[in-house]
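Biologist: Could you take me through one part of this model up close, the way two neighbouring helices pack, and then what lies around them? I'd like the residues by name.

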Amino acid sequence: GERCHVVVPPGKGYGADGWPPLVPPYATLEFEIELVSFRTMNQAAPRPAPGYPSMEKLDAELTDRLSQALELKDEGNKLLKTGQHVEACRRYRQGIKTFEYRKGQCGLQGESLEKAKPLLCALHLNLAVSQLSQCMWDVAERNCRRVIELDETNAKARYRCARSLEEQGKIEGALRCLSFIPKEKKTKEIVELTKKLKAVVNDRKAKEKSMYGQMFAPQAGEQ
């Protein structure tokens with residue numbers, strides 16, 4: 001039940017780069033933290049939600065679960081190619097759920113997570129593609145973010161995240177997201193999207209400058 005208010009200055013947080021698209025540059029982070037429970041290292045891992053496997057079971061069955069998730073991904077890819085986006089989404093979600101011990105929470109850690117990471121990234125990325133095709137911008141962004149958590153320089157994740165942010169009108173956030181892609185990973189699509197977003201920002205600034213210039217310009221007859 002103990003609570004505390006934690007303030008993290010930019011120098012101790014994400015600094016000048018931020019953490020696109022979640023944290024802008026030079027952001028001061030504030031957290032309200034409440035101690036809900038604690039456990040010692042020799043206690044059992046968190047209990048899974050009803051209907052989900054335990055984290056220990058996930059590790060023990062990793063090989064079988066990888067095969068199951070890969071099969072679901074391949075099924076989703078076939079459906080995606082034929083434009084069956086709803087069914088494709090269902091397969092990708094089922095593949096992701098294969099590694100969850102609670103809804104939306106991956107139960108893999110350490111070496112097991114490293115083994116499953118490429119497949120998890122592919123499932124989230126393909127799910128995002130299908131969601132973008134259905135104009136589901138916010139959930140597509142969420143799936144891209146999960147890939148970025150696993151691989152922060154993943155070009156596909158940042159490109160698709162930027163597209164979803166653009167569609168939501170979050171142009172600056174989209175640009176920050178793209179800025180973290182290493183130069184060697186920037187494809188023609190990424191470069192073109194970056195130019196397009198910068199043009200939108202520049203046009204917006206020009207319009208604002210013109211508007212404020214008219215507001216404060218001397219009126220006829222004024223000295």
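Modeller: H4 and H5 run roughly antiparallel to each other, because the angle between them is about 160° and anything over 145 counts that way. Bear in mind that this is a predicted model. The axes of the two helices sit 9 Å apart, and their crossing is left-handed. On the H4 side, the contact uses Leu113, Lys117, Leu120, Cys121, His124, Leu125, Leu127, Ala128, Gln131 and Leu132. H5 answers with Trp137, Val139, Ala140, Asn143, Cys144, Arg146, Val147 and Leu150. Sort the residues of this contact by type and you get 13 nonpolar, 3 polar and 2 charged.

Now for the surroundings. The largest nonpolar core has 29 residues, and the ones touching the most other members are Ile148, Cys161, Leu178, Ile190, Leu193 and Leu197. Helices H4 (110-133) and H5 (137-150) each give two or more residues to this core, and so do H6 (155-167), H7 (171-179) and H8 (188-215). H6 puts in the largest share, with 6 residues.

Let's zoom in on Leu193, one of those core residues with the most contacts to other members. Leave out the neighbours within four places in sequence, and Leu193 is in contact with Tyr159, Ala162, Arg163, Glu166 and Leu178. There's also a second, separate core, made of 19 residues, with Leu58, Ala69, Cys89 and Leu123 among them.

Notes. Residues numbered from 1 in each chain as written. Predicted model: local features only at pLDDT ≥ 70, side-chain atom pairs only at ≥ 80, totals over all residues. Heavy atoms only, no water. Core = buried A, V, L, I, M, F, W, Y, C linked by side-chain atoms within 4.5 Å. Buried < 20%, exposed > 50% of the residue type's maximum accessible area, 1.4 Å probe, protein only. Helix = DSSP H or I, 4+ residues; strand = E, 2+ residues; numbered from the N terminus. Contact = heavy atoms within 4.5 Å. Axes fitted to C-alpha atoms, helices over the stretch in contact; angles between N-to-C directions. Left-handed = near helix turned anticlockwise from the far one by under 90°. Nonpolar A, V, L, I, M, F, W, Y, C, P; charged D, E, K, R; others polar.
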